[in-house]
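Me: I would like to learn how to read a few features of a model with you, beginning with its interior. Could you take me through them one at a time?

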Amino acid sequence: MNKQALFSLSLVLVFLFHCTTTLAQPAQAPAPPGPTNVTKILEKAGQFTVLIRLLKSTKVADQINQQLNDTNNGLTVLAPSDSAFSNLKSGTLNSLTDEQKVELLQFHILPNFLSISNFQTVSNPLRTQAGDSSPGEFPLNVTTSGNSVNISSGLVNTTVGGSVYSDNQLAVYQVDSVLLPQAIFAPRPPAPAPAPASSKAKTKKKTTAGSPDSATADQNGALSLRLSRHGFLLSIGVSVIAALLSL
């Protein structure tokens with residue numbers, strides 16, 4: 001009985017020691033969040049299939065993710081929905097070069113984080129990652145009315161819809177139209193017509209009364225007339241002499 005009591009007591013002590021050790025261990029810290037991935041954010045939101053495909057094929061998605069994860073610079077993405085792309089004229093995207101597709105996407109990315117309230121204090125034109133914001137290039141202008149934010153590229157006007165994602169570094173807003181930059185889609189003036197080929201034919205120089213050429217021509221004509229008269233008189237004289245000699 002004593003042995004059994006001691007054995008049971010030892011088991012209790014071992015159990016209590018194990019529990020005490022386990023409870024004394026600090027709780028594990030949560031795993032750090034994964035790197036920001038803009039395409040995963042859009043996939044989770046849905047209705048951005050075309051935009052996701054363009055971001056991946058042009059590698060713009062990689063540029064966005066790298067900028068967000070390697071720097072402290074914020075970004076704002078204006079994300080056209082699938083319905084926005086479907087409203088484009090047929091063949092619009094296929095007519096663009098690879099460089100123009102990149103510029104089109106960059107035109108929808110602002111190089112800083114903007115909340116809806118921040119849009120009320122920005123200065124026009126907004127600068128996008130597409131670059132030059134001067135007229136005819138990549139200008140983007142914002143007007144606000146209360147919490148309503150309207151954006152214009154000069155060719156397309158649209159309203160900023162609901163927030164798709166925001167973490168104080170990246171803001172993604174849905175827009176219901178694809179913003180078409182002037183540098184790509186504005187009609188360009190026709191190229192100037194080529195200059196006509198110079199004629200190889202030589203034109204005759206016209207002389208006018210009173211010009212040196214005209215005076216020279218008159219002098220030459222008078223000289224020719226005098227010579228002609230002298231020749232005529234000489235021929236008459238020769239004829240007369242010949243007639244007299246024959247008598």
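Me: Which residues line the largest cavity?
Reply: In this predicted model, the largest cavity is lined by Leu51, Leu55, Ile64, Val77, Leu78, Pro80, Leu105, His108 and Ile109. A search of the whole structure finds 1 cavity of 30 Å³ or more, and the volume of the largest cavity is about 50 Å³.

Me: Which elements each supply at least two residues of that lining, and how does the lining divide by residue class?
Reply: Both α3 (49-57) and β1 (75-80) supply at least two residues each, and β1 gives the largest share, namely 3 residues. By class, the lining of the largest cavity holds 8 nonpolar residues and 1 polar residue, with no charged ones.

Me: What describes the packing of two helices?
Reply: The general idea is that two packed helices are described by the angle between their axes together with the distance between those axes. Here, helix α2 (residues 38-45) packs against α3 at an angle of about 165 degrees, and their axes are 10 Å apart. Because angles over 145 degrees count as roughly antiparallel, α2 is roughly antiparallel to α3. The crossing in which α2 passes α3 is left-handed.

Me: Which residues make the contact between α2 and α3?
Reply: From α2 the contact draws on Thr39, Leu42 and Glu43, while α3 contributes Leu51, Ile52, Leu55 and Lys56. Sorted by class, this contact of α2 with α3 comprises 4 nonpolar, 1 polar and 2 charged residues. Leu51 and Leu55, which take part in this contact, also appear among the residues that line the largest cavity.

Me: What should I look for in the backbone, and where does this model depart from the general pattern?
Reply: In general, most residues other than glycine have a negative phi, and most peptide bonds are trans. Glutamine 47, which lies in the loop between α2 and α3, has a positive phi of about 60 degrees although it is not a glycine. The peptide bond from asparagine 124 to proline 125 is cis, with omega near -5 degrees, and proline 125 is located in the loop between β2 (109-110) and β3 (141-145).

Conventions
Residues numbered from 1 in each chain as written. Predicted model: local features only at pLDDT ≥ 70, side-chain atom pairs only at ≥ 80, totals over all residues. Heavy atoms only, no water. 1 Å grid on protein atoms, 1.4 Å probe; cavity = no way out; pocket = protein on both sides within 12 Å on 5 of 7 lines; lining within 4 Å. Points joined across faces, edges and corners; volume = space filled by probe spheres on them. Helix = DSSP H or I, 4+ residues; strand = E, 2+ residues; numbered from the N terminus. Nonpolar A, V, L, I, M, F, W, Y, C, P; charged D, E, K, R; others polar. Axes fitted to C-alpha atoms, helices over the stretch in contact; angles between N-to-C directions. Parallel < 35°, antiparallel > 145°, perpendicular 65-115°, else oblique. Left-handed = near helix turned anticlockwise from the far one by under 90°. Contact = heavy atoms within 4.5 Å.
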